[in-house]
Amino acid sequence: MRIQSSLVRSGILCGLSLVACLLETRPAAAEVTLAESNGFSFFVDGRINVFLSQGVGDDFPQPTPNLNVTPTGLPPPGHTVVGSGQPFTAGYSSDQGNASGKYSAMRIRSGFLGSILAMGVKKQISETTTAKGYVSLWGTAQAFARDRVQDFGQSTSKSFDVREGFVQFEGPWGSVTAGRQNGIFGGISTEIDFLYGHNYGLGLPCVDNYFPTCGHIGTGALGPGTAPGFIYATPSLAGLKFRGGFYDPVRLLGGWERVSYVRPEGALLFEQRFSPAFLLKAQVEGMYQPMAILGADRTDAVWGVSGGARLEAGPLRLGASAFHGKGLGVYVALQNSGSMFNQTTKNFRTFTGVYAQSALVFGPLQVSLGAGRVLDSQLEEDKIDASTSGLKSQLGASLAVYYRLTDNLVIGADYFRFQTDWWGAPNSTLDDMGNIAILPGPPLTPEKQVIHFINTGATFHW
Amino acid sequence: MNILNKLKSNGACLGLWVAGSVLWSRNAAAEVTLFEKDNWTFSFDGRVNAFLTVGQGNDFPLPMPQADGGMSTHTVMGRNSPRPGQGVGDVGWPSAYQQDVDNKYFAMRIRSGMYGNILGFALTKKINETTTIRGYVSVWSTIESLGRDKWFPIIAEAREGYLTAAGTWGSVTAGRMLGRVGRTSYEIDTMYGHGYGVGLPCTDSLGPACGHIGTGVLHPGYSAGISYSSPSLSGLQIHAGVYDPIVFSPSSPDDWSHASFVRPEGAITFDTPLGETGKLKIGVEGLYQPIGRIKTDLMTMEKTNEKSAVWGASGGARVELGPARIGLSGFRGKGLGLGYALQRSVAIADNDSGAAPPGGVTYELRTFTGFYGQLAFVFGDFQIGAGYGKGMVDQLEIDKSNAALSVIQSQTGISASAYYHVTDSVVLGLDYFRYTANWYGAPLVDMTTMQPTGKLPGEQQNLNFVSAGVTYHW
């Protein structure tokens, strides 16, 4: 029960976290200095946004009926569809489906980033080194599950989520950041989505109930999330830079809970603005976390590699990214979700994602187009597990238009098509002893879900 | 946070140490004034920190086997407590599901220190020549998420929110603030021990950390209250107030769930310079809180009101002489707790129905005692320190005959620390903490006479923590 509820909760909460990495990539101009005193500089940044979001399409699919009734008239084995009742695991689970299994719902909600109130204090602590303390508080416009008084986790109060809280030292030798901050792995794909895709939009709502949304995360882009860590970044050497360090380890509930060692993550990146109109950035990333099963000797590791590039040439913006790894998750690196590993054997599944995003910028107008897909591999034991139809892939296609009314106010409209495919449960029946027998041939018809989202709203940022 | 800054400011006022007292004197700049307008002053203080902690040792102990080698049938106090999993310390130190096959613990975390990340805001107005009013709110958070779950939100906590009116007649503070009992021990730990370190992580799941709290130091806790402090008379001050009452079990009327009256807490402090650069501060503190419950006679099912009271006395002194810093403190009280005053804990009373004596739980309050000594030396930007403390729980008579429960006996902490002030506002820290918890051992009872015939050996847990990190404060 603990596992189930943890998965549900973690899955739901996941959405709020995965876009935190974007804060760092916001324009430097977004920082407003309020006061300077005794060598300290106090600044704030943040945003408030709200969107009207309309979703239309299939509700979470019902399991494909198994028609293999035994000769003695016993009903065939049934199965569950991964993600059913577990938002943020696979597909789009909601409490809004009608009798025909269709979904049509409006919400007024936060966008890709929530409402953010952030503040910091800077001080020049030597000739060349600056210290910065930074804390950001996140919230959303909408309440949990359309319940007016509930917040995430279904508590009865509405509080902030302290997404970031770090100290950063920066000098000619590079920078060191210590505290709760953005992850590294998955950073380039999320950066592309943020800059060229959904900064001022919505994209895919991660979950129906609550939280800032996902943009293209979960459909090819991988969110790095936030975690406490110590990260060093080298100075730029002709555009070449390395960022690396280690983060607080993460438990995967219900399977891999013993995590004794911190998690190294790193990225090698090249970024150069060759001319005022031409910029190129390329980045490769990696992470590794040893895992063990509670009270047992069995060990394994979650690992991942990812990379991507983006370029800006005149009005054109192009970005492409990919990731691959074991035990990573669909939406965010080290996601607590039922799709991470086989719940019986605990073997990790591998995940692969690809994502491409384009945009055209004409003065205050930006038009964006993107597509991405993430694939969850099937283990050998999954192929003979008649009780489950596992996640196969999630596919996203998006179109967005943004108009910057002023430096701080942006209105936007975007469309997102979300499609989820499952592998389908193996075709099966019961033998004479009442045991499940896998039948040769293709599986039951794989389940599928398609939803369209249209969103429009405004963002005020500073 | 404000108490910390106040303490720091006091240190600063004591004079200009050449190099030795730099640690605290530099912290006078710890509050940044943002605006001053029309007699209003808006200021900001706070800190951000991060530590890498490595812990190694025993996970929460398993019950001692029976004398004949048979399976144990008792509970080790703390085993069933849900609090550590929720990030609130209790007794013993259960990990968040990190034990190996041998029930050993080894784990790394990146976490907040004894103080979390803090944003403190103050708005002060001078309302006449002698009186100012100051409103202050502090918001605390950690960097680590609950139970190593990457996606658990970090919920901000408004630890403090009060107003203080101060004048020549003293000061009145009203709102949510730090309590009085245990304050001297907490102050010593903050100033000479773990203000820029970790010490004992309160729980494996979540911080902020405890320093020596729980091992001889009693944290005063935060409560809503109204408190008066007299003006300083040659360093002598009286502090007295009333605080919102605390109950130990709000959902069970059979347990201590009634507290009809506010809780008086008070302190007498004496704070004086010693020579040009030294300092002496002494504090004694006390509290008293009436509590009640509905007692049900198990034979007749008749219900009656039962009254009792939580009380506590604490005190200590700290001295600064040259580079040396010495602090000593102690506390004792009924229903007080090991970690913080009026702590909800499985050790507070005989109320664990899962390990009840044959006649049922008695709800009798246990008595707690603690002592703590801390030493530090400050050499310019360096501070090194060492501390020792122990918190103890008296055994009730019923505990000596309850074969179902091994009661916590003591929690001991030994610490060493080194801090380096890189600048006025940046501190690097490295500290070591050894934590030992001892249980009394479950009584052995003759099943015929139901009389105790001895006891099993007491369980023990030993853990070592090494923490290194950085704090940026303003």
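Student: Which residues in helix 3 of chain B are buried?

Tutor: Here's the list: Arg183(B), Thr184(B), Ser185(B), Tyr186(B), Glu187(B), Ile188(B), Asp189(B), Thr190(B), Met191(B), Tyr192(B), Gly193(B) and His194(B). Bear in mind that this is a predicted model, where local features need pLDDT of at least 70 and side-chain atom pairs need 80 or more, while totals for chains, interfaces and linings use all residues. Residues are numbered from 1 along each chain as its sequence is written, with chains lettered from A and ligands numbered from 1 in the order written.

Student: What makes helix 3 of chain B "mostly covered"?

Tutor: It spans residues 183-194, and twelve of its twelve residues are buried. Buried means 20 or more other C-beta atoms (placed from the backbone) within 10 Å of the residue's own; 12 or fewer is exposed, in between partly exposed. Helix 2 of chain A, residues 187-198, gets the label too, with twelve of twelve residues buried. Among them are Gly187(A), Glu191(A), Asp193(A), Phe194(A) and His198(A).

Student: Why does Gln383(B) count as buried?

Tutor: Put its value next to the cut-off: Gln383(B) has 26 C-beta neighbours inside 10 Å, and the rule asks for 20 or more, so the label is buried. You'll find Gln383(B) in strand 16 of chain B. There it stands opposite Val378(B). There's also a link back to helix 3: Gln383(B) and Tyr192(B) are 191 residues apart in sequence, yet 8.4 Å apart in space, C-alpha to C-alpha.

Student: How do you know that strand 15 of chain B and strand 16 of chain B pair?

Tutor: Count the bridges. Two strands pair if DSSP finds at least two bridges between them. Strands 15 and 16 (residues 382-393) of chain B have twelve, in the antiparallel sense. (Strands are DSSP E runs of at least two residues, helices H or I runs of at least four, numbered from the N terminus.) The two strands make a hairpin with two residues between them, and Gly380(B) in the turn has a positive phi of about 60°.

Student: What does strand 15 of chain B join on its strand 14 side?

Tutor: Strand 14 of chain B, residues 324-334, runs antiparallel to strand 15 and is joined to it by eleven bridges. One example: Gly330(B) has Phe371(B) as its bridge partner. Phe371(B) belongs to the uncovered face of strand 15, while Val378(B) is on the covered face.

Student: What makes phi of Leu342(B) worth pointing out?

Tutor: Phi is near 65°, a positive value in a residue other than glycine. Leu342(B) is in the loop between strand 14 and strand 15 of chain B. With 27 C-beta neighbours inside 10 Å, Leu342(B) passes the cut-off, so this loop residue is buried.

Student: And why does Phe211(A) count as buried?

Tutor: Again, go by the count: 29 C-beta neighbours inside 10 Å, so Phe211(A) is buried. Its phi is near 80°, a positive value in a residue that isn't glycine. Phe211(A) sits in the loop between helix 2 and strand 9 (226-233) of chain A.

Student: Where is Pro208(B), and what kind of peptide bond joins it to Gly207(B)?

Tutor: Pro208(B) is in the loop between helix 3 and strand 9 (222-229) of chain B. The bond from Gly207(B) is cis, with omega about -5°.

Student: Why does the radius of gyration of chain A agree with that of a compact globule?

Tutor: A compact globule of 462 residues would come out near 23 Å, and chain A has 23 Å, so the two agree. The radius is taken over C-alpha atoms, and the rule is 2.2 Å times the number of residues to the power 0.38. Of those 462 residues, 51% count as buried. Chain A has two helices and 22 strands.

Student: How many residues does each chain bring to the contact?

Tutor: Chain B brings 43 and chain A brings 53. On the chain B side, strand 4 gives the most, with six residues. Residues are in contact if their C-beta atoms lie within 7 Å.

Student: Which residues touch Ile408(B), leaving aside neighbours within four places in sequence?

Tutor: They include Met77(B), Val91(B), Ala347(B), Val393(B) and Trp439(B).

Terms used:
Contact = placed C-beta atoms within 7 Å.
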